[in-house]
Structures are given as structure tokens and as C-alpha cells.
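Please work through the exercises below with the sequence and the model side by side, and try each task before reading its solution.

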Amino acid sequence: MSRRAKVLLVILLAVLAAGAFYLRALSRRIFFEVPRHAEEAARARLNEVALQSRTGPSQTATLYFPSLGSGKLVPETRPITWAETDPDKVRQILLALIEGPHQNLARPLSTATNVRAVFLANDGTAYVDLSNEVLNGLTPGIETESLTVYSIVNSITANIPAVKRVRILIQGQEVETLDGHVDLTEAFVPDPSYIETAAP
Amino acid sequence: MSLPSLRNLHGPGRVLLLGLLLGMTILFWPTRELRSDNFVFYFPDKRQVIPVQMIGQTKYLPILTILNMVGKVGGLQEKRDSVKVWFGETPLEFKVKDRTVRVDKARVKLANPPLVSNGQWMVPVEFLTAVLPRLTNQVVEYPLGSNRVFIGDVKPTSFTVRLDQLPEGARLTLQFTDKVTIRTVATNGKWVMFLGERPVEPLEPTYSFKDPYVKELHFDDQDGLPKLILQPTSTGLNFYPALVEGGKVLLADVLKPTPSAAQQAQSAPPAAPGATPPTTQPGAPQTGAPGSIPSAPSPPSPPLPVVVLDPGHGGSDNGARARDGVLEKDLDAQVVARVRLALLATQKFRIVLTRTGDVTTSFEQRSQAANEANAVCFLTFHAGDLGPDSPQIALYTYAPPSPFSGPPNSSMPPAFIPWDNIQRLHIDSSRNLATSLQQQFMQIAGVKVDPPQGAPVRALRSINAPAVAIELGRLAPEVNSAPLTSSDFQQLIASAVTRVLINLRGGG
């Protein structure tokens, strides 16, 4: 084999090795990094529209946030100017829960949560489609997940009489559990046993 | 391509093929070989179990967990490929893939480099002997190849083993260096002898015998409880352990059952003069209980009630994580192991686990395990963020997300309940069980216990038996797990559960 051929072979080998490494890195990027869709940005704009479409008189909303330690929900009232339609009102409640409590209470949902869609069926079931960041930064567990679910359900049903029950979807899908503990395969009716009763 | 044609390939063609093969090998070569095991740290007044990771051929331990266990981490400065930790006033610095560790102003070279696995800084096991003694100013004894470390003034007990032939069996004589206590449990065709709370360092991990009655004697303390596991060559043999010479010698006889011996086994085991009877004497374990060794001539006994224990997380599902790196799945497994042993020791229950080892199982598989075993009770164990107090216990029974959507006019219980909602039939009995557990847990000093709460817990929904979820807290990234991993706390939980179940069965 001539000297030139040897040099060519070495270069070829080097190129192949580099290609293999690149292919490996590329496959990891494809399989492990989920691309962000422009769709998410569109949904965020929808949320802003819900907040801007406030036309009614200013009223009071009761939101339920997890207490710090008792495993219960504590009501927090705040003034709100309701949007026109019930689905937009549901969206307003969800955005307020995502924003977090004004008192010394815990967050029920991660601030990164995106409200993807809200539908209201004729039987009074509100379908709430949340992004999968719901529990980002929260420790999964039976208590955490129960409080998250009933914070959503109790807050929505307490403020919007047309909503009798709430079905939670994640990323547009029916999922078995929120994060391994609480069953999400059915619609939830509000559970008053989660609301902290005032100390006697 | 067949081999002759490969041989005929010359020049660039062959190189191209080799290059392709090389590329494919790099592409599909696994990055690391991971395997989990436990490492037990014995201190003069406590012990702690830490999961160890086998990465390649090297055992790795989570550095922050170790430092928090032997002292206090004063600060942490993490960069992309290095971390600086203050142990008290002493700074330590690690770099990924750099075998040199900086300890204050000194440099210590390890045989293997530190690395980050699952977001945790891991150090090779030689860190224990090379660096840890400098930090703690205490004796650190790590028997090479073992999975245990003795820190400070800990003198482990050791023992020698001898096997002698008997006319109808074999006798193992174990001579201990210190007094021990034993408690024997028959399980999975083996006899397990718990050696009390003292740390034990065996000369050999396993003794194998070429004997017609005894196959193997194995030492294990992976869960922090030193124990000997004796495997007989066949089923149907009887076991008579006895401590003599003030608890320093264990005589363990494995005998072929004779009709008279089998009848006597429950009441009067033969013992050497001056023998101390063990805490539990299984003698001829009862027929029909899985995990026991059936003894042919023993009279049939009624089947024991089955308790199903469910470690809430396992396999790919780690659950919650504490600041010191302890994972919920490991904690769940530890607590379940203790509850299981406490229940087995009563000889009043048969125990079924929904998973054995660190495996992933679906809700359906776990429900199936409980329902097929005709369980009298199902307990699922979890840990999570229950608020600032620790230790803390929360109890949950199943509460459906919405009322049963059966015929609206029926006041009677529905004739048909879908199998995956069968827990709806047991809601009252589950609440009673949870209330009994709450009362017993409240007797544990220093533990906050929340009243039972109904919740739509998926793990309970399909269980055809009284079922309760027990969540321990606080296991969260902001706090260390020490109050929950304490063997005393876990043992108190196990005892409380045992008392409740014995009371529920009317004292057995």
C-alpha cells in the first residue's frame, strides 16, 4: 500500500470515528430532549386573552391552597373581575392557583404549569388540560398530589356553580395518576374534608 | 457477508468495514454498568444503611450522604464538573474524572475518580479508608470486599463454623467472640437466624458444605440486621438452634424428622445442657405457609391469614428524594422488610410482598398479588413531603373521586362493582384499620401522626381487602432523611403495625 493510501485510510478512520460520536450525540438529543412547540406560546396567549376579557363587576374569589404542614387546604379570598364565559372563569381560577398564594401557604401547582385547554361539558364536568410541569419542584407523594387535585377541584367548584365536577387531563391525555399516587382516571367532585376547619 | 469474502476484501474496503464496525461499537456501547446494593455503616451507637452503586467494577457511594452521616456538611459549592464541600471547617474538592481529591490543603489520590450519577456526587469506596479517617479523626475499618464499615470504637463480633455429623442429621457449631442473641424465622425454604443488634464481621461471607443435610450457611446484614441464613439440602428437615456457654456458642442441629421427633418439635426441642432457648423456636415450620419448610408428618394446620405489604415505589420509579440522596423506593423497601420480619416473627401471618427487590411493577400486578392471595389486609408504604415536622406519619384510605355511578334509585350496595374499583366495598373496614394504626403510631414518642384521610390513592383502588396507605415524612429535597432511616424509628413502626394486626385477628 502506498504512503498516500495509508494517509487516506487514517483520515477516513478519523472521519468515521468522529461521525460515530456525532451520531451518538445526535441520537441522545433526539430521544431525550423534547422540542418545545410554538403551540405552547399560542396557549399562553389564550390565557392572557382570558385574563383581559374581564368585563363583569369586581367580585371575590375563594381559592384553596395547601397549608404548610396540616395536610389540609386553607381558603384565601381575593378580589377578581370575572371573565364572561365559564371556561374562561375556570382558566382564571387555574392561573390564580399557578400564580400562588398571597398568604403564608404552599403552592398547589408549579409556576411552570401551562393551562393547555379548558372545556365545559353539558353535564357540568369541566375538563382541565394541564401541561406536564404540574408538579415540577414539588415532592411527589399521596399528600402532595391529593392537595394539588383538591385545590383545583374545590377552588373551581366553589366559584363557578355551573361546574359540578372536574376531570384533569395532562398534555391532552387521560393519565392513570398525577405522579404515581392519585388516581386521575375519573372526574372529581369537591371534597370538603380537605378544607381545614378553624381551630375551636 | 461470509468469512471467505471478508478475507478476500482488500484495501479501503476492509478499512471501511472495520471503521463501520468501530463506529457501531462506540454507538451502542453502554455508558455505564449500574447495579445497586447496600452498604452498612456501623457506629458505636447507631447504624445506617446506604445504597451503593456498582459502576463498572467499582463500588460508589453518595458523598453527601456519607458526610452528613459522620458529621455535618457546612456548605456546598457545585460547579459544572466539580464540587466543593465544607465538612465542618475542612474544605473538600472533587472533580469529575479526576482521581485527586483535595482535603483542606492536602491532595489524596484515589484509585478511581469521583463522578456524578443520577444527579448525585459519588465517590469510590476507597474514599472510606483514604479520606474519611482524616476528616473524622476516628478509626475507620473497612474489611476489603465487604459491604460494611465500622467507624469509631466499634468492635464487631466474629465467629468460626464447624460442621459435625449426627446419626440422623448434622450439627453446626458456631463459636462467637462475644455473647449473641438469636431469633429464628423460617422463610423461603431457609432458616434465618437474627443475631441481635451487635455488629458482626464474618470471616467468610458464605460457608458451603458437602453434607447430606446442610448445604450452605450465609451471613447477611444488607438491611442493617446481622443474620445467618442456613440452607438445608432438602425440605422436610427439622431445625433446632440453641445458644450455650452463656450465649457464645450456637449449636444448630438439622435433623431428619422421626414421627415422634416431629410431634415433640413444637414443644420440647432437644438442647444441650445449660442451653438458652432462642426467642423464637420454629421447630418444624407449619405446612402450607410459603417460605416455610414443610415437615412431612406434622398434622395439617389451618392456613395463616395473609398480609400483603407493598413497597410503594421500586425499579424505575424512585419516588421522592431527600437532600442526602436517599430515595423513597429504598426507604419503602427498608420499612417493608422490617414490618415483614416483625410479622413473621409472630408466626401468626403469612406475608406476601408485591415486589421482591428493586423492580418495577404495575398497579394491576400489585392488586393481583393481593387479591389472589386472598389477603386479610393490604398496606402500602410511601414517604413524602408532609410539612416541616419529621418524623411524621399520614394515613390514607381509599376515597373515590366521585360517588359510585350506579343506578340512581338503589339504596342497596351495587350488585356489580368493577374489579378495578373493588376497594369501594371495604371502605369502612379500611377506615377502622387506619384508625387502629393511628392509635398505635401515636404511642411512638416524638412522632406527629395525622388523622386518617380519604384520598383517591390508585394503589388502593383495586384491592379486595381492608387497605391503608402509610406515608412517612418528611422526605423532600430540602431535608435529610435521617429521622426516617433510623433503625429505631423503623422498628417502632414495625412493632406498631404488628400490634394492630394481632389485635385485629383477635390476638391470633
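**Exercise 1.** How many residues of chain B are in contact with chain A, and how many residues of chain A do they touch?

The model is predicted, so local features need pLDDT of at least 70 and side-chain atom pairs count only at pLDDT 80 or more, while totals for chains, interfaces and linings use all residues. Residues are numbered from 1 along each chain as its sequence is written, and chains are lettered from A and ligands numbered from 1 in the order in which they are written.

Step 1: taking two residues to be in contact if their C-beta atoms, placed from the backbone, lie within 7 Å, one finds 35 residues of chain B touching 33 residues of chain A.

Step 2: helices (H or I, at least four residues) and strands (E, at least two) are DSSP runs, numbered from the N terminus; the elements giving two or more residues to this side of chain B are α2 (11-28), β25 (392-398), β27 (453-455), α10 (458-461) and β28 (467-473).

Step 3: α2(B) gives the most, with eight residues.

**Exercise 2.** Describe how β4 and β5 of chain A pair and how the chain connects them.

Step 1: strands pair if DSSP finds at least two bridges between them; β4(A) (residues 125-130) and β5(A) (residues 165-170) pair in the parallel sense over six bridges.

Step 2: A:Asp129 has A:Leu169 in β5(A) as its bridge partner.

Step 3: from β4(A) the chain passes through helix α4(A) (residues 142-159) to β5(A) in a right-handed β-α-β crossover, that is, clockwise from the first strand over the helix to the second, with the strands pointing away from the viewer.
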